[in-house]
Amino acid sequence: MKKIIIWAFILNLCSCNNSKPMQNKIPLKEIEEIFSHMHANGVNTDTTMLWGYFFTSNKNDKFSQVANELKSKGFDFVEIFQSEGKSYWLHLERKEIHNAKSLYALNEELYSVADKYKIIYDGFDVGNKDKNKPIERNTYVVPEEFKTLDYQKDNYPCLLIGNTAFDKFKHKQEFKYFIKITTPYKKDEKFMLPTDEELENLDGFEYFIEDYLNRNKIKSYYVFRETYKGVRTFYLVTNNKSGATKTLIMIKNSEKQRNFDFKILADTNWSIYNEFIKKTANE
């Protein structure tokens with residue numbers, strides 16, 4: 001069964017069978033990061049999934065008691081196996097829906113069960129509720145892996161920042177229209193970079209454009225931006241050229257936003273993005 005292994009770390013068990021094993025608990029923050037990572041990769045965690053739970057010990061004499069206790073709470077026995085390091089493992093599973101807080105709460109309960117039987121609860125994994133299928137994910141969701149670059153261009157600093165995760169995006173042929181938006185900004189005289197106040201305004205403007213496109217049902221993704229010599233240029237990519245054009249014209253004509261210009265460029269080969277990747281490749 002193909003699964004995303006969410007957490008698995010092996011602890012050295014105490015050599016004395018009568019001593020109480022140390023529980024290295026998974027903090028809520030790390031579970032929240034796990035869920036954020038799943039969401040960023042298009043996994044809908046609000047559906048029923050198959051969650052696996054693992055206990056370990058240097059002996060397996062308590063495993064049947066643990067399995068029987070948790071069976072009453074809907075856990076199914078999967079297997080007991082021995083690792084190369086000679087430790088024994090108990091694998092249980094349950095079909096359920098979790099968020100970060102509910103999984104954290106369940107973990108606390110399983111730590112208590114492990115303490116009761118003087119074994120270790122080691123963590124969890126998750127898979128499709130159908131064991132013969134991989135975890136379903138929305139391939140239109142693009143993970144966010146932003147990278148920055150600061151370099152000199154004609155003796156002035158040029159700042160680049162963008163999402164380098166589009167190599168994993170499977171729909172490039174559909175999303176072939178790059179929206180290029182340029183807007184001048186208030187700059188300092190030495191480096192020609194935005195003032196602190198302008199940085200905040202520029203970020204707000206970018207967010208407004210993205211949000212307005214989404215609210216008008218224009219699906220788009222933020223690609224990258226360049227800040228150089230008094231001009232902020234940023235790119236989004238869309239599969240709806242006509243809708244994006246109408247929406248941006250409407251924003252521009254309203255004169256309620258800062259002054260900007262835009263072009264929509266057909267780029268089937270994603271050469272605009274590839275040039276950005278080349279520049280950041282060695283950083």
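The following dialogue works through the strands, helices and core of a predicted model.

Trainee: Let us begin with the open sheet of four strands. What is the order of its strands, and which pairing do they have?

Mentor: A sheet is read by listing its strands in spatial order and then stating their relative direction. Here the order is β2-β3-β1-β4, and the pairing is antiparallel. Strands β2 (76–82) and β4 (120–127) stand at the edges; each has a single partner strand, so one side of each is left without a neighbour in the sheet. From one strand to the next, the twist averages 25 degrees.

Trainee: Over how many bridges do β2 and β3 pair?

Mentor: The antiparallel pairing of β2 with β3 (residues 88–96) extends over six bridges. As a point of register, E79 stands opposite H91 in β3.

Trainee: Which helices lie across these strands, and at what angles do they run?

Mentor: One reads such packing from the strands a helix crosses and from the angle between axes. Helix α2 (residues 63–71) lies across β1 (49–57), β2 and β3, and runs at about 10 degrees to β3. Helix α3 (residues 100–116) lies across β1, β3 and β4, and its angle to β4 is about 145 degrees.

Trainee: How does one judge the length of α3, and where are its buried residues?

Mentor: The length is judged by comparing the end-to-end distance with an expected span. Helix α3 has 17 residues and reaches 25 Å from its first C-alpha to its last, close to the 24 Å expected at 1.5 Å a residue. Its buried residues are A100, L103, L106, N107, L110, Y111, V113 and A114. They cover an arc of only 160 degrees around the axis, which puts them on the same side of α3. On the other side, K101 and K116 are exposed. The cover over the buried residues of α3 includes α1, β1, α2, β3 and β4.

Trainee: Which residues have the most contacts inside the largest nonpolar core, and which element gives the most to it?

Mentor: In soluble globular proteins, nonpolar side chains tend to be buried together. In this model the largest nonpolar core has 30 residues, and Y53, F55 and F124 have the most contacts inside it. The elements that give two or more residues to this core are α1 (28–40), β1, α2, β3, α3 and β4. Helix α3 gives the most, with seven residues.

Trainee: Let us turn to β9. How many of its residues are buried?

Mentor: Seven of the eight residues of β9 are buried, so this strand is largely enclosed by the rest of the structure. Its pairings are read next. Strands β7 and β9 run antiparallel and are joined by eight bridges, with V237 in β9 as the bridge partner of F178. Strand β8 (residues 220–228) also runs antiparallel to β9, joined by eight bridges, and S220 stands opposite T238 in β9. The hairpin of β8 and β9 has two residues between the strands, and there K229 takes a positive phi near 50 degrees.

Trainee: What covers the buried residues of α5, and how are those residues arranged around its axis?

Mentor: The 14 residues of α5 (residues 241–254) should span 20 Å at 1.5 Å a residue, and the end C-alpha atoms are 20 Å apart, which agrees. The buried residues of α5 are G243, A244, T247, L248 and I251. Seen down the axis, they fall within an arc of 120 degrees, so they line one face of the helix. The face turned away from this buried side carries the exposed residues K246 and N253. What covers the buried residues of α5 includes β7 (177–184), α4, β9 (231–238) and β10 (261–266). After α5 comes E255, whose phi is positive, near 55 degrees.

Trainee: Is E198 buried or exposed?

Mentor: The test is relative accessibility, with values under 20% taken as buried. At 5%, E198 counts as buried. This residue is in helix α4 (residues 196–215). Not counting residues up to four places away in sequence, E198 touches P184, Y185, K186 and R258.

Trainee: Where is G162, and with which residues is G162 in contact?

Mentor: G162 is in strand β6 (residues 156–163), and at 0% relative accessibility G162 counts as buried. Leaving aside neighbours within four places in sequence, G162 is in contact with E145, F146, K147, V223, F224 and F276. The C-alpha atoms of G162 and F146 are separated by 5.2 Å, although these residues are 16 residues apart along the chain.

Conventions:
Residues numbered from 1 in each chain as written. Predicted model: local features only at pLDDT ≥ 70, side-chain atom pairs only at ≥ 80, totals over all residues. Heavy atoms only, no water. Pairing = 2+ DSSP bridges. Axes fitted to C-alpha atoms, helices over the stretch in contact; angles between N-to-C directions. Contact = heavy atoms within 4.5 Å. Buried < 20%, exposed > 50% of the residue type's maximum accessible area, 1.4 Å probe, protein only. Expected span 1.5 Å × (residues − 1). Arc of directions from axis to C-beta. Core = buried A, V, L, I, M, F, W, Y, C linked by side-chain atoms within 4.5 Å.
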